[in-house]
Amino acid sequence: MIKLVADSSCDVHTLGDIPFSAVPLTISTDDGQSFVDDAQLDIPRLLSHLREHKGRSYTACPSVSAWIDSFGKADTVYAVTITSALSGSYNSARVAADMHQQDHSSASVHVFDSLSTGPEILLILEKLEELTAQGLDFDQVVAAVEAYQKKTRLFFSLHSLHNLAQNGRVSKVTAAAVGVMNIRVLGTASEEGTLAPLTKARGDKRAAASLLELLLEAGYKGGKVRITHVQNEAVALEFAEHLRAAFPQADIRVSASGGLCSYYAEKGSLLVGVETD
Ligand code: X90
């Protein structure tokens, strides 16, 4: 049996017909509350708790044993993690993969470091679904996905970098420039898997126009697009309409961010995963 797994930064809990599970990261506040990023998580409640909470908040990646549990009895496992440059999730999954292979000598596990998050991971998962359905063997799937990763990108528009800075995922200098006067930071996941700010825009309309420009500069020509938003569906749908006007054939889908991306991207943000060329 083949199984796909990803950590919950992928924003989905099911994936077509193929066996799939999302392994939750955890968000916690220093008043002792902890929120497991699974299908039951009430994201509006998480965000309102964070808004009212004056203390610190943290996240934690899945443990080795949580990854091993997710592999189950599958003999072929493809796992995808959030960028190893910002999280321990990849390392945790790698250790789990080695242990699983020691216990099941016939099992094959590959862990892909997305060097990204959210909608770009979803693109990778959908590609895995497609390739495994075609019956490619393990090495062919791994090679094809690695090649695919070179052609996908992540762009974002963020309203605040507070939680990213609080947890050391961006510098305080970068974070200080945002969060005032409707400023959004537009940027991308760098090749190294870090957050790379590119430009700023005032207000959602200008931010959407800049996002579109970034996509075009990156070589977007009508491939798949997956857009996620943090409590900002109207703006996400409007952005999708703009794209469709320019690329009527494009496969573009909009959905809500899961808990982990909602925590870090914060309310109002858009994340856009795209296929280029
Ligand atoms: O291990 C952990 O506790 C999780 C840490 C995750 C830190 C980064 C999450 C980023 C989420 C923010 C906007 C997009 C940034 C893309 C950079 C690759 C989303």
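In this predicted model, the ligand is surrounded by 17 residues, and those that come nearest are Thr59, Cys61, Leu86, Ser87 and Arg169. Two of these names come up again once polar atoms are considered. Thr59 places a polar side-chain atom 2.5 Å from an oxygen atom of the ligand. Ser87 does something similar: an N or O atom in its side chain is 2.7 Å from a ligand oxygen. Very little of the ligand is left uncovered, since on its own it would expose 560 Å², and the protein buries 99% of that area.

As for the make-up of the shell, sorting its residues by class gives 10 nonpolar, six polar and one charged. Two strands, β5 (57-60) and β8 (152-158), each put at least two residues into this shell.

Then there is the question of where the ligand sits in the overall fold. The space it takes up is the largest pocket. Residues of the shell come from both domain 1 (2-25 + 61-149) and domain 2 (152-275), so the ligand lies between the two domains.

Conventions: Residues are numbered from 1 along each chain as its sequence is written. This is a predicted model: local features need pLDDT of at least 70, side-chain atom pairs count only at pLDDT 80 or more; totals for chains, interfaces and linings use all residues. Side-chain values use heavy atoms; hydrogens and water are left out. A residue is near a molecule or strand if one of its heavy atoms lies within 4 Å of it. A polar contact is a pair of N or O atoms within 3.5 Å; within protein, one must be able to donate a hydrogen and the other to accept it, and residues adjacent in sequence count only if both atoms are side-chain atoms. Accessible areas come from the Shrake-Rupley method with a 1.4 Å probe; for residues, only the protein chains shown count as cover. On a 1 Å grid over the protein atoms alone, a cavity is a set of points where a 1.4 Å probe fits but cannot get out, and a pocket is an open set with protein on both sides within 12 Å along at least five of seven lines; lining residues have an atom within 4 Å of a point. A molecule sits in a cavity or pocket if more than half of its atoms lie within 2 Å of its grid points. Helices (H or I, at least four residues) and strands (E, at least two) are DSSP runs, numbered from the N terminus. Ala, Val, Leu, Ile, Met, Phe, Trp, Tyr, Cys and Pro count as nonpolar, Asp, Glu, Lys and Arg as charged, and the others, Gly among them, as polar. Domain bounds come from an automatic or database domain assignment.
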